[in-house]
Amino acid sequence: MHFGGEAIYLTIQRLLTALAHGASVVGKSTLLAMTEYFKSMNEHSLKKTLSKLNIDGLRYFDSIGSTNDEALAWAAAGAPDLSIVIADEQTNGRGRLDRKWFTPKGSGLAFSLVLRPTATLRPHLSRTVGLAALSIAESCSGLGLSARIKWPNDILLNGKKAAGILIETVWSGDDVDSLVIGMGINVHKESVPPAELLQFPATSLEDELEKEAPSRGEILFSVLNAFVRWRELMATDELIHAWEEMLAFRGRQVQVQTGGDSSIIGELLGLESDGSLRLRDANDKSVIIRFGDVSLRPGA
Ligand code: ADP
C-alpha cells in the first residue's frame, strides 16, 4: 500500500477519535496503518534525518529508474559534496556489468551519494568501495548482525547478499570530478527478489534479525553516519584494516572470476593498500586482483 499524505491524515484522525472516545484498544486496521506510516519514507522525515548529519542536498523520488543516473547528472551539474538521491522504488537499478539491482516499492533502501574528493582523498579513490561497504557492514553490526564484505561490493549476512554497491565516476577531462556511490540495502522482507532472478542467495536485515527491522530512515542515518566518520580516515591504514577484518572468506580457498572465462584460484589473504584483493595461489605466489567476482571454491 502506498501511504501518502491523505492516508496519514486519516489514520491519525482515526486514532485521535478513538482516543477521544476513551478507547483503550485501538483497531487493528489503525495499528496496521500506523505501522505502515512509520515504515514509509517521505521527503520531510528524510530531510530531518539528513540535517542531523549536515547534509542538505536531497532529491527524493517515490519511484525512479536509477538513483545513480540521477546522481550522475546532478554531480555533472555541480551537486555539492554528499548530495543524496533516494527513491522508494527503483525500476532500473544497476549492478556491475549491467546486472540488475531490484528495489521494490516500500521495502528497501536505494540511494546514491555524490562524493567530491578533497586533495587528501584523491590518491585513495580506489578505496571508495571499501568505505561504502564498511559503512553498511558496520551499521549491520550495530543491529547485532554479523556482516561480511564479499569483495569488492556486496554485503553478506549469514552468507546471503543483503546489500550491493555500485560506484561510478564523473570525469572532467582526465581528472575525477566526482564519484557517485550507489547503495542498495534490503531492509524489509519484501525487498528480497524471487530466487529465480538471482545468481546468489539474498536476504534482508529483517529476515536476519527475525524481528521487525528499524525503519529505512534509521538505517540510512546509521549508514551515512558511519560513512561520514570513515571518510575522515579514508587515507589511513585504519580504513584498510577495518575493511580487511570484515572480508568474507578470509583464509579460505576461493575462486575469482576475473572476466570472460578466466579465473584465479587461491587462498584469500587480504587487501593491498589500494583495496585490491590479495590471494596466495597453489605455487605459494601472491596474486593481486583488481576486478572480479569472488566465490568459495567448490568443496573448499
Ligand atoms: P555483483 O557485482 O556482486 O554480481 P551487483 O552489485 O552488480 O552484484 O548487483 C547485481 C546482482 O545482484 C544481480 O545479478 C542480481 O543477481 C543480484 N540482485 C539484484 N537485486 C538484488 C537484491 N535486492 N538483493 C540481493 N541481490 C540482488
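Select helix H5 and helix H8: H5 passes H8 in a left-handed crossing, a term for the near helix being turned anticlockwise from the far one by less than a right angle, with clockwise giving right-handed. The contact consists of Gly130, Leu131, Ala133 and Leu134 on the H5 side and Leu239, Ala242 and Trp243 on the H8 side; two residues are in contact if their C-beta atoms, placed from the backbone, lie within 7 Å. By class, the H5 contact with H8 has 6 nonpolar residues, 1 polar and no charged. Here Ala, Val, Leu, Ile, Met, Phe, Trp, Tyr, Cys and Pro count as nonpolar, Asp, Glu, Lys and Arg as charged, and the others, Gly among them, as polar.

The packing angle of H5 and H8 is about 55°, and their axes are 10 Å apart. Axes are lines fitted to C-alpha atoms, for helices over the stretch in contact, and angles run from 0 to 180 degrees between N-to-C directions. H5 and H8 are therefore oblique to each other; angles under 35 degrees are roughly parallel, over 145 roughly antiparallel, 65 to 115 roughly perpendicular, and the rest oblique.

This is a predicted model, in which local features need pLDDT of at least 70 and side-chain atom pairs count only at pLDDT 80 or more, while totals for chains, interfaces and linings use all residues. Residues are numbered from 1 along each chain as its sequence is written.

Keep H5 (residues 128-142) and add helix H7 (residues 216-231): they pack at about 130°, with axes 8 Å apart. H5 and H7 are therefore oblique to each other, and H5 passes H7 in a right-handed crossing. On H5, select Leu131, Ala132, Leu134, Ser135, Ile136, Glu138, Ser139 and Gly142; they meet Ile219, Ser222, Val223, Ala226, Phe227, Trp230 and Arg231 of H7. The residues of this contact divide into 9 nonpolar, 4 polar and 2 charged.

Next, go to the ligand. Which residues come nearest? Of the 19 residues around the ligand, these are Gly95, Arg99, Phe102, Gly164 and Ala202; a residue is near a molecule or strand if its C-beta atom, placed from the backbone, lies within 6 Å of it. Strands S3 (100-103), S7 (160-172) and S8 (175-186) each supply at least two residues of the shell, and S3 gives the most, with 3 residues. The shell has 6 nonpolar, 7 polar and 6 charged residues.

Three loop sites follow. Pro152 is in the loop between strand S5 (147-150) and strand S6 (154-157); the peptide bond from Trp151 to Pro152 is cis, with omega near 0°.

Leu82, in the loop between helix H4 (67-76) and strand S2 (84-94), has a positive phi of about 70° although it is not a glycine. Leu82 is partly exposed, with 19 other C-beta atoms within 10 Å. A residue is buried at 20 or more such neighbours within 10 Å, exposed at 12 or fewer, and partly exposed in between, with C-beta atoms placed from the backbone.

Phe249 lies in the loop between helix H8 (237-245) and strand S9 (253-259). Phi of Phe249 is also positive, near 70°, in a residue other than glycine. Phe249 counts as buried, with 20 C-beta neighbours inside 10 Å.

Finally, show the whole chain, with its 8 helices and 13 strands. Helices (H or I, at least four residues) and strands (E, at least two) are DSSP runs, numbered from the N terminus. Of the 300 residues, 37% count as buried.
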